[in-house]
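Hi,

Here is the structure I promised to pass on. Have a look at it first, and then read my notes underneath.

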Amino acid sequence: MAPRFAPKEQVVLDTPKDTPFTLQELRQYDGVQNPSIYVAVKGTVFDVTKNSKVYGPGGSYAVFAGKDGSRGLAKSSLKPEHAVPDTDGLDEGEFTVLDDWFSYFSQRYNIMGKIVPEGEAKI
Ligand code: HEM
């Protein structure tokens, strides 16, 4: 479901970071290989560690941990094959849902960086 956008309690966020991550590098931030859990939405990497109950191993939304799952968010799908950044062929309504999720994450989670093509990471 698409939960409310604005958080119940105000969330104070850090200044966004702009560390580059390849999708491959992002994968380790799954709460297992690395205790931090990052989720990317539309190429922006968010630190969701504070919600590890949900995104950590066995959590309802663990499928998104360490990934850019934009397609799954857009399609309201938890299928692992949809937890990918590819937005090709989404309809207008799905793009709107994806934008709403971007807003949801932006209001709750610190930005750690952005997804870059393979070969461009490592500052
Ligand atoms: C029976 C179906 C579902 C129920 C009852 C449900 C319920 C919920 C509830 C209660 C929340 C917390 C809302 C809040 O804190 O404001 C939530 C958050 C969320 N849901 Fe669902 N959901 C369902 C299906 C899905 C599906 C199919 C997706 C796939 C995109 C999804 C993705 C998410 C995400 C990403 C969050 C945000 C977690 C966070 O706070 O970071 N949900 N859901």
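Let me start in the middle of the sheet: Asp47 has Asn110 in β5 as its bridge partner. Keep in mind that this is a predicted model.

The neighbouring residue fits the same register, with Phe46 bridged to Ile111 of β5. Both bridges belong to the pairing of β3 (residues 44–47) with β5 (residues 110–115), which is antiparallel and runs over four bridges.

What does β3 have on its other side? There it pairs with β2 (residues 38–41), again in the antiparallel sense and over four bridges. Asp47 turns up here too, since Tyr38 stands opposite this β3 residue. The β2 and β3 strands make a hairpin with two residues between them, and Lys42 takes a positive phi there, near 50°.

Are the residues of β3 buried or exposed? Thr44 and Phe46 on one side are buried, and so are Val45 and Asp47 on the other, leaving both faces of the strand covered. For the chain as a whole, 30% of the 123 residues count as buried.

Now zoom out to the whole sheet. It is open, with five strands in the order β1-β5-β3-β2-β4, and the pairing is mixed. β1 (19–21) and β4 (67–68) are the edge strands; each has a single partner strand, so one side of each is left without a neighbour in the sheet.

As for the rest of the fold, the chain has four helices to go with the five strands. Going along the sequence, you will meet them as β-α-β-β-α-β-α-α-β. If you compare that pattern with the sheet order, note that β5 sits between β1 and β3 in the sheet.

Contacts tell a related story. Counting those between residues at least 6 apart in sequence, 61% join residues at least 24 apart.

Last, the overall dimensions. Along the principal axes, the C-alpha atoms fill a box of roughly 35 × 35 × 30 Å. How does the radius of gyration of the chain sit with that of a compact globule? A compact globule of 123 residues would come out near 14 Å, and the chain has 14 Å, so the two agree.

If you open only one part of the model, I would go for β3, with β5 on one side and β2 as its other antiparallel partner.

Cheers

Note on methods
Residues are numbered from 1 along each chain as its sequence is written. This is a predicted model: local features need pLDDT of at least 70, side-chain atom pairs count only at pLDDT 80 or more; totals for chains, interfaces and linings use all residues. The radius of gyration is taken over C-alpha atoms; the globule rule is 2.2 Å times the number of residues to the power 0.38. A residue is buried if 20 or more other C-beta atoms lie within 10 Å of its own, exposed if 12 or fewer, and partly exposed in between; C-beta atoms are placed from the backbone. Two residues are in contact if their C-beta atoms, placed from the backbone, lie within 7 Å. Two strands pair if DSSP finds at least two bridges between them.
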